[in-house]
Amino acid sequence: RLRQNSRQRCYYCKTKIFGALKKEARRLGIGTVVDGTTASDLNEHRPGRAALEKLNIDSPLRDAGFSGAEIAGQLRKLGVDAYFLTSSTCLATRFPYDFTLEPLRIQAIGQTEHFLIRQGIFPLRVRHMTDGIRIETSPIHFRKIIAMKEKIIAECRAAGYRFITLDLSGIK
């Protein structure tokens, strides 16, 4: 069901992952398993929330009313590097719904994102498109991307992409 990449993929994934975590927690005598859902996550399409509710997973950040921006702000004050304050989502979200997920394609997207992140480009999403990718990032990085376009093209072609686009509307 995960490979089918339906709109419910997060439900299936979280059921599997958090089911295993609960089993391990019981084995270790731990009574509560929590996740990092925030209050701002409730405004988004999150089918995995139903799995967490079904499994009785607590969400203390959400329950306390903390938004992702508030948490990042406090961590920034503590000196946490900006890279660790950017949103990170599963690589399956880089593919359109109902597009069959294949390990090599997921790996290629991940490698391309890691390459760009090592160049200092984040936040970032590299989205799969037929025969290519679409790079989504903040407009502040556009000049840097254009300046290193030959390096990016070489990296992306090595990963098997025929074309590379930059989404001028920025990261979604």
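# Notebook: a predicted model of 172 residues

**Entry 1. Overall make-up.** I began with burial and noted that buried residues make up 33% of the 172 residues in the protein. I record here that the model is predicted. I then looked up the secondary structure and found 7 helices and 3 strands. Read along the sequence, these elements follow the pattern α-α-α-α-α-β-β-α-α-β. For the extent of the protein, I noted that its C-alpha trace spans about 55 × 40 × 30 Å along the principal axes. The accessible surface comes to about 10,900 Å², and carbon and sulfur atoms hold 57% of that area. I also looked up how contacts are distributed along the sequence. Of the contacts with a separation of 6 or more, 62% are between residues 24 or more positions apart.

**Entry 2. Helix H5.** I turned next to H5, which runs over residues 103-118 and has 16 residues. From its first C-alpha to its last, H5 reaches 22 Å, close to the 22 Å expected at 1.5 Å a residue. Which residues of H5 are buried? I listed Ala108, Ile109, Gly110, Thr112, Glu113, Phe115 and Leu116. I then asked what covers these buried residues of H5. The cover includes strand E1 (124-129), strand E2 (132-137) and helix H7 (149-158). After H5 comes Gly120, and I noted that its phi is positive, near 90°.

**Entry 3. The segment before H1.** I looked up two residues in this part of the chain. Asn5 is found in the segment before helix H1 (9-28), and Arg3 is found in the segment before H1 as well. Is Asn5 buried or exposed? Asn5 has 0% relative accessibility, so I entered Asn5 as buried, the cut-off being under 20%. Its side chain makes a polar contact of 2.6 Å with the side chain of Arg9. Not counting residues up to four places away in sequence, Asn5 touches Ala92, Phe95, Pro96, Tyr97, Asp98, Phe99 and Leu101.

For Arg3, I found a relative accessibility of 51%; Arg3 therefore counts as exposed, which requires over 50%. Leaving aside neighbours within four places in sequence, Arg3 is in contact with Phe99, Thr100, Leu101 and Glu102. I noted the separation of one of these pairs: Arg3 and Glu102 are 99 residues apart in sequence and 7.1 Å apart in space, C-alpha to C-alpha. Phe99 and Leu101 are listed for Asn5, and Phe99 and Leu101 are listed for Arg3 too.

**Entry 4. A nonpolar patch.** I then examined the surface. Leu75, Leu78, Val80 and Phe84 make a nonpolar surface patch of about 410 Å². Of these residues I looked up Leu78, which is found in the loop between helix H4 (68-77) and H5. Leu78 is exposed, with a relative accessible area of 71%.

**Entry 5. Salt bridges.** Side chains of opposite charge can pair when their charged atoms come close. How many salt bridges does the structure hold? I recorded 11 salt bridges and looked up several of them.

Asp63 forms a salt bridge with Arg62, with the closest N and O atoms 2.7 Å apart. At 52% relative accessibility, Asp63 counts as exposed.

Asp131 forms a salt bridge with Arg162, the closest N and O atoms being 3.1 Å apart. Asp131 lies in the loop between E1 and E2, and Arg162 in the loop between H7 and strand E3 (163-166), so this pair ties together parts that are 31 residues apart in sequence. I noted that Asp131 counts as partly exposed at 40% relative accessibility, while Arg162 is exposed with a relative accessible area of 57%.

The side chains of Arg134 and Glu136 meet in a salt bridge at 2.8 Å, N to O. Arg134 counts as partly exposed at 24% relative accessibility, whereas Glu136 is buried, with a relative accessible area of 0%. I followed this pair further and found that salt bridges with shared partners join Arg127, Arg134, Glu136 and Asp167 into one network.

Terms used: Residues numbered from 1 in each chain as written. Predicted model: local features only at pLDDT ≥ 70, side-chain atom pairs only at ≥ 80, totals over all residues. Heavy atoms only, no water. Helix = DSSP H or I, 4+ residues; strand = E, 2+ residues; numbered from the N terminus. Expected span 1.5 Å × (residues − 1). Buried < 20%, exposed > 50% of the residue type's maximum accessible area, 1.4 Å probe, protein only. Contact = heavy atoms within 4.5 Å. Polar contact = N/O pair within 3.5 Å; in protein donor to acceptor, adjacent residues only side chain to side chain. Patch = residues over 30% accessible without salt bridge, like charges linked within 9 Å, V, L, I, M, F, W, Y side chains within 5 Å. Areas by Shrake-Rupley, 256 points an atom, 1.4 Å probe, with all protein chains shown as cover. Salt bridge = Lys/Arg side-chain N within 4 Å of Asp/Glu carboxyl O.
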